[in-house]
Amino acid sequence: MTMSNTGGRRRPPTIHDVAREAGVSRGTVSRVLNGGHYVSPAAAEAVNAAIRKTGYVVNRHARSLITGRSDSVGFLLTEPQERFFEDPNFNVLLRGCTQALAAHDIPLLLMLAGTEDERRRITRYITAGHVDGVLLVSSHSGDPVAQELRDAGVPLVACGKPIGLGSKVSYVAADDRDGARDMVRHLLSLGRRRIGVVTGPLDTPGGVERLAGYKEVLAEAGTEFDERLVVSGDYSRASGEAGAERLLAQAPDMDAVFVASDLMAQGVLTALERAGRRVPQDVAVGGFDDSPAALAARPELTTIRQPWDRISAEMVRVLLAQIGGEDPAAVILPTELVKREST
């Protein structure tokens with residue numbers, strides 16, 4: 001690296017410095033930086049060694065002017081901001097996506113859009129080309145963001161199957177229905193027969209699919225469906241607590257409850273303790289996610305593990321493929337029953 005003329009400070013190394021160090025042309029360095037096409041293995045190795053030695057960092061702004069790409073990806077959460085800080089699933093997913101993109105040297109921009117005004121502003125920002133694609137999290141039925149981004153031609157991958165868009169949008173999801181079936185079968189195997197459920201929002205794929213799995217297993221077991229054993233929540237701890245109170249009032253003989261998220265299950269445990277119901281002796285409790293909330297609960301939660309690392313990695317893989325010109329794709333990943341102290 002060469003020295004600047006002001007104050008003896010080092011100037012950032014340039015592509016010319018890399019070319020000089022590697023003994024190749026500037027054009028060869030540029031081809032290596034843009035994928036290595038038409039470059040011999042020896043030249044590519046020399047350029048990469050020179051990049052490491054000089055400490056050269058790609059000028060993303062300059063490259064974006066040439067390629068027409070921003071070289072960044074948006075992580076868009078269409079939920080109120082407080083949900084991002086309360087629900088540990090969002091942080092786990094964000095961390096996993098950030099790490100997966102880091103392997104490609106692509107930064108991730110966090111975007112929170114919990115109100116209609118925020119969604120409009122962020123949609124304008126995205127469609128103006130400030131990011132190359134979007135990882136969309138928590139899209140409710142009727143949320144126009146997915147449709148608007150798709151119509152604008154923005155590469156998009158949703159976490160969970162967007163209701164109403166089907167194969168038109170790429171998505172990666174855990175097998176919500178099968179996970180729910182595993183949990184309800186487990187509760188039945190313990191001899192529990194009055195099994196309540198606190199569902200997720202029924203305008204989300206997780207809410208719909210987990211309730212469907214619950215109903216299917218009860219039907220398999222020949223147990224008559226009882227609407228008094230079903231209440232809805234919004235994945236927050238407070239809604240789990242309120243849901244459990246309603247279940248206890250509507251079905252006081254309830255001996256188990258399947259809760260569609262670990263965070264809601266924490267609220268269920270609080271309500272059961274306040275009502276003098278022991279867990280698991282009086283009421284067995286099963287959650288969903290295997291998030292940090294499952295281990296923080298007392299007792300620790302039996303739950304359904306979503307493979308968050310694989311979900312993050314697959315969302316990034318599918319999005320980068322779509323940015324590269326591939327068609328939309330859907331990926332469904334298996335879940336796993338994790339037995340702990342609450343059942």
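Let me begin with a term: a residue is called buried when its relative accessible area is under 20%, as computed with a 1.4 Å probe on protein chains only. By that cut-off C97 is buried, because its relative accessible area is 0%. Please keep in mind throughout that what we are looking at is a predicted model, and that the values I quote are computed from it.

Let me stay with C97 for a moment, since it leads to the cysteines. Why does C97 form no disulfide with C159? The closest cysteine sulfur to that of C97 is the one in C159, and because the two sulfurs are 7.8 Å apart, they are too far from each other for a bond, given that a disulfide requires sulfur atoms within 2.5 Å. Seen from C159, the closest cysteine sulfur is in turn that of C97. In the structure as a whole, the number of disulfides is zero. As for its surroundings, C159 counts as partly exposed, because its relative accessibility is 21%.

C159 also takes us into the sheet, where its bridge partner in β5 is V172. The strands concerned are β4, residues 156-159, and β5, residues 170-174, which run parallel and are joined by three bridges. On the sheet as a whole, six strands are arranged in the order β2-β1-β3-β4-β5-β11, with parallel pairing, and the sheet is open. Its edges are formed by β2, residues 108-112, and β11, residues 330-333, each of which pairs on one side only. From one strand to the next, the twist averages 15°.

I would like to spend a little longer on β5. How many of the five residues of β5 are buried? Five of the five are, so that this strand is mostly covered. As a general point, side chains in a regular strand alternate between the two faces of the sheet. In β5, S170, V172 and A174 point one way, whereas Y171 and A173 point the other way, and all of these are buried. Besides its pairing with β4, β5 also pairs with β11, in the parallel sense and over four bridges; within that pairing, A173 stands opposite I332.

Turning to the helices that pack on this sheet, α7, residues 116-130, lies across β1 (73-77), β2 and β3 (133-137), and runs at about 155° to β2. Helix α14, residues 308-323, packs on the sheet as well, with contacts to β1, β3, β4, β5 and β11, and its direction makes about 160° with that of β4.

Next comes the N-terminal part of the numbering, and helix α1 in particular. Which residues of α1, which spans 15-22, are buried? They are I15, D17, V18, A19 and A22. Among the elements that cover these buried residues are α2, residues 26-33, and α3, residues 41-54. After α1 comes G23, which has a positive phi, near 75°.

Further along, in the loop between α3 and α4 (60-67), we find V57. Is V57 buried or exposed? V57 counts as exposed, because its relative accessibility is 66%, and the cut-off for that class is over 50%. V57 also has a spatial relation to P13: the C-alpha atoms of the two residues are 7.8 Å apart, although 44 residues separate them in sequence.

Finally, some backbone details that those of you who set up calculations may wish to look at on the screen. Two peptide bonds ahead of prolines are cis: the one from V279 to P280 has an omega near 10°, and the one from R298 to P299 has an omega near 0°. P280 belongs to the loop between α12 (262-274) and β9 (284-286), while P299 is in the loop between α13 (292-296) and β10 (303-305).

There are also positive phi values at aspartates. D105, which is not a glycine, has a positive phi of about 60°, and its place is in the loop between α6 (88-102) and β2. D290, in the loop between β9 and α13, likewise has a positive phi, near 55°. What relative accessibility does D290 have? The value for D290 is 16%, and therefore D290 counts as buried, whereas D105 counts as exposed because its relative accessibility is 52%.

Note on methods: Residues are numbered from 1 along each chain as its sequence is written. This is a predicted model: local features need pLDDT of at least 70, side-chain atom pairs count only at pLDDT 80 or more; totals for chains, interfaces and linings use all residues. Side-chain values use heavy atoms; hydrogens and water are left out. Helices (H or I, at least four residues) and strands (E, at least two) are DSSP runs, numbered from the N terminus. Contact means heavy atoms within 4.5 Å. Two strands pair if DSSP finds at least two bridges between them. Axes are lines fitted to C-alpha atoms, for helices over the stretch in contact, and angles run from 0 to 180 degrees between N-to-C directions.
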